[in-house]
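Here are some notes for a colleague at the bench, set out as numbered points to be read alongside the coordinates.

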Amino acid sequence: MERLVIAPPRFRWVVGLLLALGLVAAGVFVVLNGDPWARWIGVAYFGFCALVIGIQAVDARPRIVIDESGIFDRTLRVGVIAWEDVRGVHPPSARHGSLVPLELRDPDKYVRRLSPLMRRLVAMNRRSGFAHFSLNLSGTGADPAGVVEAIRRGIAARDGAARV
């Protein structure tokens with residue numbers, strides 16, 4: 001199986017970092033020339049944003065990897081989803097074009113790997129009609145149709161190997 005690696009474009013994170021740092025500088029300017037206590041909250045908030053964005057900008061790890069071992073999405077926080085656990089994949093809906101829903105044989109196997117907070121978020125998503133797990137392609141520039149096709153090839157390869 002051909003390996004598919006998806007990483008978000010770092011350029012977007014660098015632009016976001018520059019914007020956040022500019023807002024921090026503007027906040028410091030306001031603090032030095034006005035009411036300091038009210039403005040420090042803005043400086044702290046945008047400083048925190050700059051820190052988070054800066055970490056993302058220097059993170060060179062891929063976000064999604066689809067290969068012979070299965071599907072890995074770093075943002076899902078469940079590790080590799082093995083091919084034998086993948087029942088199917090659905091094309092993204094027009095409304096949620098960057099989400100590729102996965103159909104798993106035993107979703108609870110992966111839900112149990114999540115933190116309590118993430119389990120609650122998955123439960124909320126399920127109540128809203130979403131799949132237990134979806135690959136989020138937003139901000140990556142990846143073609144959802146190509147990702148769906150790669151997953152279908154992985155399922156077909158698994159099914160072909162099972163027949164041998």
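1. A nonpolar surface patch, as the term is used here, gathers side chains of Val, Leu, Ile, Met, Phe, Trp or Tyr that lie within 5 Å of one another, each residue having over 30% relative accessible area and no salt bridge. In this predicted model, such a patch is formed by Phe 48, Leu 51, Val 52 and Ile 55, which together present about 390 Å² of accessible area. Ile 55 belongs to helix H2, which covers residues 36–58, and this residue counts as partly exposed because its relative accessibility is 49%, while the exposed class begins over 50%.

2. Helix H1 takes in residues 10–32, and its length can be checked against its residue count: at 1.5 Å a residue, its 23 residues should span 33 Å, and the C-alpha atoms at its ends are indeed 33 Å apart, so the two values agree. Which residues of H1 are buried? They are Gly 16, Ala 20, Val 24, Gly 27 and Val 31. When reading that list, it helps to recall that an α-helix has 3.6 residues a turn, so residues three or four places apart point the same way.

3. The same check can be made on helix H4, residues 116–127, where twelve residues at 1.5 Å each should span 16 Å and the end C-alpha atoms are 17 Å apart, which agrees. Just after H4, Gly 129 takes a positive phi of about 95°, and this glycine is found in the loop between H4 and E7. Is Gly 129 buried or exposed? With a relative accessibility of 64%, Gly 129 counts as exposed. The C-alpha atom of Gly 129 is separated by 20 Å from that of Pro 116, the two residues being 13 apart along the chain.

4. Arg 77 deserves a look of its own, since this residue has a positive phi of about 65° although it is not a glycine. For context, most residues other than glycine have a negative phi. Arg 77 lies in the loop between strand E3 (70–73) and strand E4 (80–82), and its relative accessible area of 58% makes it exposed. Leaving aside neighbours within four places in sequence, Arg 77 is in contact with Arg 113, Leu 114 and Met 118. Its C-alpha atom is 36 Å from that of Val 28, a residue 49 places away along the chain.

5. Strand E6, residues 99–104, pairs with two other strands, and both pairings can be followed in the structure. With strand E5 (residues 86–89), E6 pairs in the antiparallel sense over three bridges, and Gly 88 stands opposite Glu 103 in E6. With strand E7 (residues 133–136), E6 also runs antiparallel, here joined by four bridges, and Leu 102 stands opposite Phe 133 in E7.

6. A search of the whole structure finds six salt bridges, and three of them are described in this point and the next. In one of them, Arg 74 is joined to Asp 59, with the closest N and O atoms 3.0 Å apart. This pair links distant parts of the chain, as Arg 74 is in the loop between E3 and E4 whereas Asp 59 is in the loop between H2 and strand E2 (64–67), 15 residues apart. Asp 59 counts as buried because its relative accessibility is 17%, and the buried class covers values under 20%.

7. Another salt bridge joins Asp 85 to Lys 109, the closest N and O atoms being 2.8 Å apart. Here too the pair links distant parts of the chain, with Asp 85 in the loop between E4 and E5 and Lys 109 in helix H3 (residues 107–111), 24 residues apart. Asp 85 is buried, at 9% relative accessibility, whereas Lys 109 is partly exposed, with a relative accessible area of 31%. Arg 158 forms a salt bridge with Asp 159, and the closest N and O atoms of that pair are 2.9 Å apart; Arg 158 counts as buried at 16% relative accessibility, while Asp 159, with a relative accessible area of 30%, is partly exposed. Salt bridges that share partners also join Asp 59, Arg 61 and Arg 74 into one network.

Conventions:
Residues numbered from 1 in each chain as written. Predicted model: local features only at pLDDT ≥ 70, side-chain atom pairs only at ≥ 80, totals over all residues. Heavy atoms only, no water. Expected span 1.5 Å × (residues − 1). Buried < 20%, exposed > 50% of the residue type's maximum accessible area, 1.4 Å probe, protein only. Patch = residues over 30% accessible without salt bridge, like charges linked within 9 Å, V, L, I, M, F, W, Y side chains within 5 Å. Areas by Shrake-Rupley, 256 points an atom, 1.4 Å probe, with all protein chains shown as cover. Salt bridge = Lys/Arg side-chain N within 4 Å of Asp/Glu carboxyl O. Contact = heavy atoms within 4.5 Å. Pairing = 2+ DSSP bridges.
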